[in-house]
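Student: Could you take me through one part of this model up close? I'd like to look at the ligand site, and then at what surrounds it in the rest of the fold.

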Amino acid sequence: MKNILFVASECVPFIKTGGLADVVGSLPKNIDKKHFDVRVILPNYSAIPWEFRGQFKYVNHFYMEMGRRFDSVYVGIMEYNYDGITYYFVDNEFYFNSEKPYGSPRWDVEKFTYFSKAVLAILPVIGFRPDVIHCHDWQTGLVPVFLKTLYAGNEFYSRTKSIMTIHNLKYQGVWNIDTFKYLTGLPADMFSPDKLEFKKDASMLKGGLVYADYITTVSQTYANEIQTEYYGEGLNGLLSARHMDLRGIINGIDYNCYNPATEINIGYKYNADNFRDYKYKVKADLQRELGLPVDSGKFVIGLISRLTDQKGLDLIRCVIEQITDDNTQFVILGTGDDRYENMFKHYQWIKPMQVSANIYFSEALAHRIYAGSDAMLMPSMFEPCGLTQLISMRYGSVPIVRETGGLKDTVEPFNKFENTGTGFSFTNYNAHEMLNIINFAKDIFFNHREQWNNIVERGMKKDFSWKNSAGQYMGMYDWLIG
Ligand code: GLC
């Protein structure tokens, strides 16, 4: 039996701000329990719903030194078994008592420095000795750093390997070096350009990428892209130097949670064989719910997303008037930057028959939009993997995407002459290129409906479950452990 520990800042069903939480929530369940004992460790945020928190079991506590910040800081350990997985929660009210997992950058840097240090201090106390510590994103970047420095030569960790998985290179946990020296107690020579230093500051993610034994990211195309300057966020040099230790493994989605044939959030269930008879009814229900004209002849485009510039919303801003013609309805769901929230609210106000801006998040409404829309728009500037396009294909909503990262690896562009493909895509980050491809999709939808339905059907028949990717992770664990 090999022990694997996932370390992350978010995980479904406890706490979620983005796709990271879906992956950390679903991948461990797809790892073979006969060979691997996979456990997950998270912060014990007060924002975790009480239905879970109320059941967490106190295990132990101790006090830990934290650089020059604290001689002794409280570390509590809570445990909860859920759906066959053991979860640990690092308990400290001072750091984790907040409505959201992330707040101001300075405080987040401190909070996750504490978390990373506490994780390594906890494992000997609970007696779980990992063969692999699998770290996710910048919040956990200092785990490989502490493992190879503070814990170098420590018997307990003598066989432990670490993996750093990049879900998004843009967020790195960057702050000034003096603060990091103060918080971590790490010696000055660790803050050099070949280690933690990043443009005169220090980067937690960079630390993880330097010290981890192996690096993965969530699609092969993104693994290649981040070795270039355009996508590299200042770390392309390091990533190309380590390219032999870097690979992309595409994310899967939870096939039980996302299944139009068993879906509880929609009025009509359907599958790849009978969607022609039912999907338009789900669409009518969605239109009714959102107060849009109920008309199956309209082309309904969905957008379910964190509203940040990464998602290509500036392209939409340029051409939203042209996208939302009289035959089209545009349904938005998500929250994020004010400027995008306001932009969509504004267009809903001036075009209430065409635009429905739902500036909040609801899992149930998300499922109804996946099922009720004809197409899903994802014109991302960059997209490490992207889960929305995978879920929308599962529900028969045709993805319209930019060819980057995981979008490129999972959406096969429609070829009108050969009648192949599962979606529509464009290459350059350019609003008119996007508009052209949306117009092409509209032409197929309005004038060649059987071809459109074939695209839907091919997408629904694809397998985006974890089966294949979980196998790749297991192979990597075995290979790394040796
Ligand atoms: C981040 C990325 C997204 C990816 C997700 C899970 O949210 O932006 O592309 O799918 O992480 O890996």
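Tutor: Here is a walk through the ligand site, followed by the cores and a few backbone details. Keep in mind that this is a predicted model.

Let's start with the ligand. There are 14 residues around it, and those that come nearest are H167, N251, E383, C385 and G386. Sorted by class, this shell holds six nonpolar, six polar and two charged residues. Three of the nearest residues place an N or O atom by a ligand oxygen. For E383 that atom is in the side chain, 2.5 Å from an oxygen atom of the ligand. N251 also uses its side chain, with an N or O atom 2.8 Å from a ligand oxygen. C385 does it through the backbone instead, where an N or O atom lies 3.0 Å from an oxygen atom of the ligand. As for cover, the ligand taken alone exposes 310 Å², and the protein buries 95% of that.

Now for the packing. The largest nonpolar core has 97 residues, and F14, V90, Y114 and Y477 have the most contacts inside it. Helix α4, residues 105–126, supplies the largest share of this core, with ten residues. Apart from that core lies another, of 69 residues, with I253, Y340, V411 and L435 among them. Back in the largest core, Y114 is worth a click: leaving aside neighbours within four places in sequence, Y114 is in contact with residues including M64, V75, V90, Y95 and F96.

Next, have a look at the loop between β6 (132–136) and α5 (142–148), where you'll find Q139. Q139 counts as buried because its relative accessibility is 4%, under the 20% cut-off. Its side chain makes a polar contact with the side chain of S9, at 3.4 Å. Beyond its sequence neighbours within four places, Q139 is in contact with S9, Y102, F112, F115, S116 and M204.

D137 is found in the loop between β6 and α5 too, and its phi is near 65°. Another non-glycine residue with a positive phi is K199, near 50°, in the loop between β9 (197–198) and β10 (201–203). Why flag these? Because most residues other than glycine have a negative phi. The surroundings of the pair contrast: D137 counts as buried, at 8% relative accessibility, whereas K199 counts as exposed, at 60%.

One last backbone detail: a cis peptide bond joins V12 and P13, with omega about 10°. P13 is found in the loop between β1 (2–7) and α1 (19–26).

Conventions. Residues numbered from 1 in each chain as written. Predicted model: local features only at pLDDT ≥ 70, side-chain atom pairs only at ≥ 80, totals over all residues. Heavy atoms only, no water. Core = buried A, V, L, I, M, F, W, Y, C linked by side-chain atoms within 4.5 Å. Buried < 20%, exposed > 50% of the residue type's maximum accessible area, 1.4 Å probe, protein only. Helix = DSSP H or I, 4+ residues; strand = E, 2+ residues; numbered from the N terminus. Contact = heavy atoms within 4.5 Å. Polar contact = N/O pair within 3.5 Å; in protein donor to acceptor, adjacent residues only side chain to side chain. Near = heavy atom within 4 Å. Areas by Shrake-Rupley, 256 points an atom, 1.4 Å probe, with all protein chains shown as cover. Nonpolar A, V, L, I, M, F, W, Y, C, P; charged D, E, K, R; others polar.
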